[in-house]
Amino acid sequence: MTLYGLKNCDTCRKALKALPDAVLVDVRAEGVPEDVMAQAFETFGAAALLNTRSTTWRGLEESERAAPPLDLIAKHPALMKRPLIQADDTLFLGWTADVQTALAARG
């Protein structure tokens, strides 16, 4: 299981603690593989994948915000909603009760 997030993100830390077998990939340092990001975009859509409440988003000019979502996330990895969890071929976004339940049901 791979958890894409930020090593200093509290939500990512909580998820990592609850998922001891998961490997954290710091998106600022390592990024997210293009195929994984494309699958996440297809699965969740731009509205869910972009963290528009972040300080990074608030710091962007309107013209920058108009860029394609995948380009924005590639340029500013902190804009990705976190964590993005890859369990086999299934992706989960965030650390909500629904995500925790779904992951617990997987074993």
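pLDDT is the predictor's confidence in each residue, from 0 to 100. Keep that in mind as you work through these exercises, because this is a predicted model.

**Exercise 1. Find out which element has the lowest mean pLDDT and which has the highest.**

Solution. Begin with the whole protein: its average pLDDT is 94, and 99% of the residues score at least 70. Then go element by element. Helix H5, residues 69-75, has the lowest mean, 92. Strand E1, residues 2-5, has the highest, 97.

**Exercise 2. Describe the largest nonpolar core and the elements that build it.**

Solution. Start with the residue count: this core holds 32 residues. Next, pick out the residues with the most contacts inside it, namely Tyr4, Val32, Met80, Leu84, Ile85 and Leu103. Now see which elements give two or more residues: E1, H1 (10-18), H2 (34-49), H5, E3 (84-87), E4 (90-93) and H6 (97-106). Of these, H2 gives the most, with four residues. As background, nonpolar side chains in soluble globular proteins tend to be buried together. Finally, zoom in on Leu103. Leaving aside residues up to four places away in sequence, Leu103 touches Met1, Leu19, Ile85, Ala87, Phe92 and Trp95.

**Exercise 3. Decide whether Thr90 is buried, partly exposed or exposed.**

Solution. First place the residue: Thr90 sits in strand E4. The cut-offs are under 20% for buried and over 50% for exposed. Thr90 has a relative accessibility of 31%, so Thr90 counts as partly exposed. For its surroundings, note that Thr90 touches Ile85 and Arg106, not counting residues up to four places away in sequence. Thr90 and Ala40 are 50 residues apart in sequence, with 9.5 Å between their C-alpha atoms.

**Exercise 4. Work out what surrounds two buried charged residues, Asp26 and Arg82.**

Solution. Take Asp26 first, in strand E2 (residues 23-26). Asp26 is buried but has no salt bridge. Its nearest side chain of opposite charge, Lys7, is 4.6 Å away, and a salt bridge needs the charged atoms within 4 Å. A polar atom of the Asp26 side chain does lie 2.9 Å from the backbone nitrogen of Arg28. Beyond four places in sequence, Asp26 touches Gly5, Leu6, Lys7 and Gly31.

Now turn to Arg82, in the loop between H5 and E3. Arg82 is buried and has no salt bridge either; the nearest side chain of opposite charge, Asp26, is 8.5 Å away. The Arg82 side chain reaches the backbone oxygen of Ala78 at 2.8 Å. Its contacts beyond four places in sequence include Gly5, Leu6, Cys9 and Asn51.

Notes:
Residues numbered from 1 in each chain as written. Predicted model: local features only at pLDDT ≥ 70, side-chain atom pairs only at ≥ 80, totals over all residues. Heavy atoms only, no water. Core = buried A, V, L, I, M, F, W, Y, C linked by side-chain atoms within 4.5 Å. Buried < 20%, exposed > 50% of the residue type's maximum accessible area, 1.4 Å probe, protein only. Contact = heavy atoms within 4.5 Å. Lys, Arg positive; Asp, Glu negative; His and termini not counted. Polar contact = N/O pair within 3.5 Å; in protein donor to acceptor, adjacent residues only side chain to side chain.
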